[in-house]
Number of protein chains: 2
Amino acid sequence: MALFFAWKFYGEMLAWDEGDELMRKIAGHVRDGAMAYLRQQYKVMLLVFVVLAGLFAWLAYGMNLQTHWLPYTFLCGGFFSALAGYFGMRTATAAASRTAAAARQSLPAALQVSFRSGAVMGLVVVGLGLGNVAAWFVLADLLMPASADAGGRMVLITTTILTFGMGASLQALFSRVGGGIYTKAADVGADLVGKVEAGIPEDDPRNPAVIADNVGDNVGDVAGMGADLFESYCGSILAACALGAAAFVATPDAQLKAIVAPMAIAGIGIMLSIIGVFAVKTEEGADQHMLLAALGRGIHISAIFIVLASGLLLWLLDMPNAMGVWGAVVTGLVTGIIVGRATEYSTATTFKPTQHIAAQAEGGPATVIIAGVGVGMLSTAIPVLVVGAGTLLAFFLASGLDFANMTQGLYGVAIAAVGMLSTLGVTLASDAYGPIADNAGGNAEMAGLGPEVRNRTDALDSLGNTTAATGKGFAIGSAALTALALTASYLEVVRFELLKNGIDQLALPGGQMVATAQAQLADFMIYFNITLLNPKVLAAMFVGSMMAFVFSGLTIMAVGRAAGMMVEEVRRQFRETPGILEGKAEPDYARCVAISTVGAQREMLFPSILAVLTPVLTGALLGVAGVVGLLTGGLSAGFVLAIFLSNSGGAWDNAKKYIESGRHGGKNSLAHRASVIGDTVGDPFKDTSGPSLNILIKLMSTVAIIMAGVTVSFHLM
Amino acid sequence: MALFFAWKFYGEMLAWDEGDELMRKIAGHVRDGAMAYLRQQYKVMLLVFVVLAGLFAWLAYGMNLQTHWLPYTFLCGGFFSALAGYFGMRTATAAASRTAAAARQSLPAALQVSFRSGAVMGLVVVGLGLGNVAAWFVLADLLMPASADAGGRMVLITTTILTFGMGASLQALFSRVGGGIYTKAADVGADLVGKVEAGIPEDDPRNPAVIADNVGDNVGDVAGMGADLFESYCGSILAACALGAAAFVATPDAQLKAIVAPMAIAGIGIMLSIIGVFAVKTEEGADQHMLLAALGRGIHISAIFIVLASGLLLWLLDMPNAMGVWGAVVTGLVTGIIVGRATEYSTATTFKPTQHIAAQAEGGPATVIIAGVGVGMLSTAIPVLVVGAGTLLAFFLASGLDFANMTQGLYGVAIAAVGMLSTLGVTLASDAYGPIADNAGGNAEMAGLGPEVRNRTDALDSLGNTTAATGKGFAIGSAALTALALTASYLEVVRFELLKNGIDQLALPGGQMVATAQAQLADFMIYFNITLLNPKVLAAMFVGSMMAFVFSGLTIMAVGRAAGMMVEEVRRQFRETPGILEGKAEPDYARCVAISTVGAQREMLFPSILAVLTPVLTGALLGVAGVVGLLTGGLSAGFVLAIFLSNSGGAWDNAKKYIESGRHGGKNSLAHRASVIGDTVGDPFKDTSGPSLNILIKLMSTVAIIMAGVTVSFHLM
C-alpha cells in the first residue's frame with residue numbers, strides 16, 4: 001500500500017506544470033547535480049560494501065564466525081536504504097520547479113505538490129523498510145531447518161535478520177555525513193563569498209555556488225534524512241522482534257505474537273499515515289497559523305488513531321501482558337511528541353531562548369555564540385529527562401511491573417521506538433517537504449518569478465522549519481531507544497555465539513551454573529561482569545563518550561575544509577570571469593557541484609571507518625563487557641551532544657531570521673551581521689554533526705552485533 | 001614541613017621591595033577587591049554550610065541516617081579548603097607588585113618572587129590537605145570504640161572520614177564557579193568596552209573594569225584552582241584509604257599498610273616538592289626556552305624522585321603486592337604527564353592545531369569558531385585514551401593481575417590518583433605563579449614602568465600559560481581517577497548502611513546468600529543490579545551526561561549575563577564622567593569590583609544547588625543502581641566535555657597570541673579581530689565551565705556518599 005500510494009503521488013506530481021523554460025533549465029541543473037552526487041556516492045559506497053561483504057563472506061564461510069546470511073542481509077540493507085534515498089531525491093528534484101509553478105496559482109496548490117512529494121519519500125521509506133523486514137522474516141522461517149526447540153529457532157531467526165540493520169546503518173551514515181558535508185560546504189561557501197563579499201542576495205543566479213547550494217538541500221535534507229530514518233525504522237522493528245523472541249522463548253505461541261506485534265503495528269501505522277497525508281490541505285490566503293494547523297491535522301489524526309488501533313490490535317492478538325505492551329507503544333509516541341515540542345521551544349522564534357540569542361547579537365559575534373552554546377546546552381534537559389522517563393516507563397509497563405524482568409522490559413523499550421516511528425510515513429513527509437519548498441523558492445528567485453510566488457514558497461519553507469523540529473524530535477528520541485534495544489539484542493546474539501562454541505553452561509560467581517539457552521539477560525551481565533565498576537566497562541565508556549566528540553569534531557572540521565575549497569572556487573570564478581557579476585556570463589555551476597561532491601566523498605570516509613573499527617577493536621581488546629560499555633557510553637554522551645548541536649544550530653538559524661523580521665535593527669544591522677556568524681557556525685552543528693551522531697550510535701551497535709562472533713571467539717581464547 | 005616552608009616563602013616574599021607609591025596603591029586596590037570578594041563569598045557560603053550542617057546534624061542525630069561525625073567533617077572540609085584559598089590569595093595579591101618591582105632589577109629576581117609565592121599556595125594546599133586527612137584518621141582511631149573485628153573497624157573509620165570530602169568539594173565548586181564567573185565577567189566586560197569600543201590598550205588605568213579584571217585573576221585562577229586541587233588531593237587520599245581498608249579487611253596487618261601507604265606517599269611527595277621548588281632558578285637574559293627548562297627542572301626532579309622514593313617506601317612497608325601498587329603509582333604519574341603534554345600539543349602556538357585555528361581566522365569569526373570547536377573536540381582523543389588505559393593498567397597491576405579482584409584493583413586506581421597528585425606542591429606552584437606574573441604585568445602597565453619591565457613579566461606570564469597546560473592535565477586526569485575511586489567508595493559506605501539496618505545477608509539471584517560484611521564489590525553490583533541494561537542505570541546515565549551539559553550551559557550563560565552588567569557599568573562611567581578617558585578623572589573601580597562580586601555570587605548558587613540535589617533525587621527515585629549510573633554517566637560525559645571546553649578555549653587564546661606575534665597580518669588585521677572573538681568565546685569555556693566540570697563530577701560523588709544512608713533507607717522501604 002505504501003509503495004502504491006508513493007507511486008500514485010509521484011505520478012500526480014509529475015502531471016503538474018513544470019513552469020517555463022528557465023524554471024525547467026534551473027531544475028535540470030539541480031537534478032543533474034544531485035544525480036551526479038548520488039552516482040559518485042554510490043560508486044564509493046559500492047566499493048566499501050563489496051569489500052566488507054567479501055570480508056563478511058570470509059568470516060562466515062571461511063572462519064565460521066558469522067551467520068551465512070550476513071553477506072546478503074548486509075548488501076540488501078545497504079541497497080534498499082540507497083534506493084529509498086534515490087526515490088526521495090528523484091521526487092524532490094522534480095517537485096521543486098513544479099511547486100514554484102503551482103505557487104504562481106495558489107498556496108493550497110503549492111502545499112499539495114510539495115507535501116505529497118514529501119509523502120513519496122515517507123511512504124517509500126516505510127514501505128521498503130517494513131517490506132524488507134517482513135520478507136526476510138518469512139524467508140528465514142522458510143529456509144531455516146525445523147527444530148524440536150521451536151522457541152530457540154525463532155530466536156535464531158530474529159537475531160539472524162538483525163544483521164540487515166548494519167547495511168542500512170552504514171549506508172545511512174555515509175548519506176548523512178556525506179550529504180551533511182556537501183550541503184554545508186555549498187551553503188557556507190555560497191554565503192561567505194556571495195552574500196558577504198560580493199554583496200549579492202541569497203539564491204542569486206550569478207553566484208556560482210547557488211546550484212550546489214540547492215543540490216545540497218536535496219542531498220543532505222532529503223536523501224540523508226530518508227536513509228537515516230529508514231535505518232531507525234528497520235532497526236526498531238528488528239530489535240523488537242529479536243527481544244520479543246528472546247523474552248517469550250519458553251512459550252512459542254506467545255513468542256510468535258511478540259514477534260508479529262511490532263510488524264503489525266508498523267503496518268497499521270502505514271495505513272494511518274496514508275490517511276494522514278490526505279488530511280493535509282489548506283485554502284488560499286492561509287496564514288502561518290492555518291498552515292501549521294493543516295500539517296498538524298495530518299500528523300495528529302494518524303497519531304490518535306495509532307493509539308486506538310494498536311490497542312485494539314494487541315487485544316485481538318491476545319498478546320501476553322497486552323495492556324503493558326500497549327502502554328509502551330503509547331509511551332513511545334508521547335515521548336516523541338514531547339521531545340519534538342521541547343525542540344520547538346528551544347529553537348523557534350516565538351519562544352524565549354531564541355529571542356535571548358537574538359538580543360545577545362547586539363553585543364556582537366562573541367556574545368551571540370556564547371548565548372547559542374548556552375541555550376543549546378540547557379536545551380538538553382527536557383529531551384533527556386523525557387527519554388529517560390519514557391525508557392523507564394516503557395520498560396516497567398512491558399515487564400509486567402517488575403524491573404527484574406529484563407528481557408520483556410527491554411522488549412517494551414524496543415516497541416516504544418516502534419510506536420514512536422509507526423506513523424513515520426506522514427511525519428517524514430512533513431519533514432521532507434521542507435527542502436522541496438526551499439528549493440522551490442530558489443527556483444522562483446533564479447527564474448525571476450514575482451514576489452507573491454516567493455512569499456508563498458517562503459511561507460511553506462518557514463513552516464517546514466517548524467515541522468522539522470518535530471521530525472528531529474522523533475529522529476533523536478527513536479535513535480536513543482533503538483540504540484538501547486540494539487545493545488540488548490547484542491547480548492542475544494552473543495548467546496548464540498556461545499552456544500555455537502559449545503558453551504552451554506554459564507558459570508556464575510559462587511559456582512552457580514545456568515544453561516546458556518535459558519540464561520536471562522541478568523545472567524549474562526554477571527557472567528561477563530558488565531557492571532559499572534568493571535574497569536573494562538569504564539574505560540570503554542570513556543572511549544564511547546570520546547567517540548561522540550571526536551566524530552563531531554571530524555565532521556565539523558570536514559565542513560570547514562570543504563567550504564574553504566568552495567570559497568576559493570567562487571572567488572576564482574568571480575576573478576577570472578568578471579562578466580559573471582554583471583550578469584553577462586553564466587557561472588560554471590558544475591565545477592562547484594563537483595567540488596562539493598568530491599570534498600564530501602573524501603571527508604566522509606575516515607569518520608565512517610572509525611565508527612566501524614571502534615566497536616571491533618574494543619571487542620578484541622576489552623571483550624563483551626567493553627563492547628557494552630562502549631555502546632552505552634557512546635549512547636549517553638552522543639545522545640546529549642546531538643541534542644546540543646542540533647538545537648544550538650537551529651536556534652542560531654532562527655535568531656537570524658528573527659532579526660531579519662525587523663527586531664534589534666533588522667537586516668544589515670550590526671546585530672544582524674553577528675547573527676549571520678552564529679548561523680554559519682551552527683550550520684555544521686545542526687546539519688552535519690548533530691544528525692550524524694544519531695546514526696553513529698546505532699551503527700556502532702549494529703557493528704557490534706555483526707562482530708559478536710569474533711568478540712566471543714576472542715573471549716574464549 | 002609544608003606549612004613551615006610556606007610560611008618561610010611568604011615571609012621572604014614580604015621582605016621584597018613593594019615598589020613606588022603608585023604601584024603600592026594599585027596593589028592595594030587589587031587586594032581590597034579580592035578581599036571584598038572573598039568576604040562576600042565566605043558570607044554566602046557560611047550560610048549554605050550552616051544550613052547544610054544543620055540538615056546533616058538532623059539526619060545524623062535525629063534520623064540516625066548519617067554518621068554522627070558528618071556535621072564536623074563537613075564544616076572542617078569547607079573551612080580548610082577556604083583557608084587554603086585565603087592564604088593563596090593573600091600571598092598572590094601581595095606578590096604581584098613585588099614581582100613587578102623585582103622585574104625592574106632582573107628576570108631571575110622576578111621569577112623567584114613570583115614562583116615562590118606560587119609555591120606558598122601549593123604548599124599550603126598539600127600541607128593543610130594531608131594534615132587534615134591524617135588528623136581525622138588519628139582522631140577517628142582514638143575515638144571509635146574498639147571492636148573484635150579490627151578489619152571492619154578500620155573500614156568504618158576510613159569511610160567515616162571520607163565525609164570530609166564533601167565540604168571540600170562544595171567549597172571548591174563555589175570557588176571555581178564563582179571565581180570563574182567573576183574573572184570572565186570582568187575580563188569580557190573590560191575587553192568589549194575598553195579595547196573594542198573605546199580603543200584603549202589592555203590594563204589601561206582609564207578602564208574602570210581594569211582592577212576587577214586583575215582581581216579576577218586572583219579570584220579565579222589562584223583561589224579557585226587552589227580549592228579545586230585541595231579537594232582532588234584530599235579526595236584521592238581518602239578514597240585510597242577507604243578502598244585499601246576494604247580490600248584487605250580480612251588481614252588487619254596488611255590493611256593498615258594499605259591505609260598508611262597513600263598518606264605516606266603524599267608525605268614523601270611534599271618533601272620532594274619542596275626540593276623541587278628550590279631547584280627552580282634561572283639567570284638574567286634567559287629566553288623562553290631556558291625559563292621553561294628552569295621550571296621543568298623543578299617538576300621533573302620531584303617526579304623522578306617520587307618514582308624511586310615511593311617504590312622504596314612500598315618495599316620497606318612490606319606491603320602485599322608492593323610492586324603492583326608501585327606500578328599503579330607510576331602509572332598515575334605517567335598518565336598525568338602525558339595528558340599534560342597532549343594538552344600542550346592541542347593548545348600551544350608551536351603545534352599544528354592552534355596554528356590551524358589561526359589560519360582559519362583569515363576567513364572571519366565563523367571559520368575561527370568552527371575550527372576551534374573542531375580542534376577542541378578532536379583534542380579529547382589522546383587524554384581519554386590515556387586515562388582509560390591508565391585506569392585499566394593501574395587496576396590490573398594493583399589487583400595482582402586479576403581483573404576479578406575488583407576492590408584491590410580499584411584501590412590501585414585511587415592510588416594512581418595519589419601518585420599523580422603526590423608532587424602537587426610544586427606542580428601547583430608552577431600553576432599559581434602564572435596569575436601572579438600576569439598581575440605583575442598589569443601593575444607594571446598601570447604604574448607606567450618601562451617596557452623592559454613589562455617584557456620580563458610578559459616572558460614569565462607566557463611561560464605560565466604553558467605550565468598551566470601541565471597543571472590542567474593533572475587536574476583533569478586526577479579528577480577522572482578520583483571520581484572513579486569515590487564511586488567505588490560509595491559502595492563501601494552503602495555496605496555499612498546495610499549492616500546498620502540489619503541487612504547482614506545479601507540475597508543474590510539463584511538464591512545464593514552472601515554475608516554483607518564479607519561481600520565483594522561484585523556481589524553488590526549483582527545485588528543492586530548495577531548492570532548496564534538495568535533501565536534505572538541507563539536513565540540515570542542519561543541524566544548524568546545531561547547534567548554535565550546543563551551545568552556547563554548554566555555557567556556559560558552566567559558569564560554572559562554578568563559580563564553584560566559589567567559592559568553597562570563601564571559604558572555608564574565613560575558617559576557620565578568624560579574626564580576618565582582623558583585621564584583627568586579616576587574611574588570608580590570599586591563599583592566594577594562590586595558588580596562582578598554580586599554577579600558571581602548570584603549566578604553560582606543555582607548550578608551548585610543543582611549539583612547537590614541531583615544525586616539526592618536520583619537516589620530517592622532510582623536507588624543505589626541509579627546513583628552509580630548517574631555518577632558514571634556524569635563522569636564519562638563530563639570528563640570528555642571538560643577537555644573539549646578547556647582545550648578549545650586554550651587554543652583560541654593562543655591562536656590570538658600567535659596572530660599578535662605577527663602571523664596572518666598581525667595585530668589589528670581582520671584575522672586578529674576574528675581571533676579576538678574566538679578568544680572571548682573561549683574565555684568562559686576554559687576558565688569557568690571546563691574546570692568547574694572537574695569539580696562537579698567529584699561533588700556528585702561525595703554528595704552520593706553522604707546521602708548513602710538516605711538512599712539505602714529508601715531502598716529498604
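Which helices of chain B each supply at least two residues of the lining of the largest cavity? I will come back to that after the salt bridges, but first a word on what we are looking at. This is a predicted model, in which local features need pLDDT of at least 70 and side-chain atom pairs count only at pLDDT 80 or more, while totals for chains, interfaces and linings use all residues. Residues are numbered from 1 along each chain as its sequence is written, chains are lettered from A and ligands numbered from 1 in the order in which they are written, and side-chain values use heavy atoms, with hydrogens and water left out.

Let me begin with the salt bridges, meaning a side-chain nitrogen of Lys or Arg within 4 Å of a carboxyl oxygen of Asp or Glu. Over all chains, the structure holds 62 of them. In chain B, R153(B) and D141(B) are joined in this way, at 3.1 Å from N to O. Because R153(B) sits in helix α5 (residues 150-161) and D141(B) in helix α4 (residues 107-143), the pair ties together parts that are twelve residues apart in sequence; helices here are DSSP runs of H or I with at least four residues, numbered from the N terminus. R153(B) is buried at 16% relative accessibility, whereas D141(B), at 31%, is partly exposed, where buried means under 20% relative accessible area, exposed over 50%, and partly exposed in between, with a 1.4 Å probe and protein chains only.

In chain A, D204(A) pairs with R206(A), their closest N and O atoms being 2.9 Å apart; D204(A) is buried at 10%, and R206(A) is partly exposed at 26%.

Now to the cavities, which are sets of points on a 1 Å grid over the protein atoms alone where a 1.4 Å probe fits but cannot get out, with lining residues having an atom within 4 Å of a point. The structure holds 14 cavities of 30 Å³ or more, and the largest has a volume of about 70 Å³, a volume being the space filled by probe spheres set on the points, which are joined across faces, edges and corners.

To answer the opening question, the helices are α6 (164-198) and α7 (210-247) of chain B, and α6(B) gives the largest share of that lining, three residues. Among the residues lining the largest cavity are D191(B), K195(B), E202(B) and D213(B). By class, the lining has three nonpolar, one polar and six charged residues, with Ala, Val, Leu, Ile, Met, Phe, Trp, Tyr, Cys and Pro counted as nonpolar, Asp, Glu, Lys and Arg as charged, and the others, Gly among them, as polar.

Notes. On a 1 Å grid over the protein atoms alone, a cavity is a set of points where a 1.4 Å probe fits but cannot get out, and a pocket is an open set with protein on both sides within 12 Å along at least five of seven lines; lining residues have an atom within 4 Å of a point.
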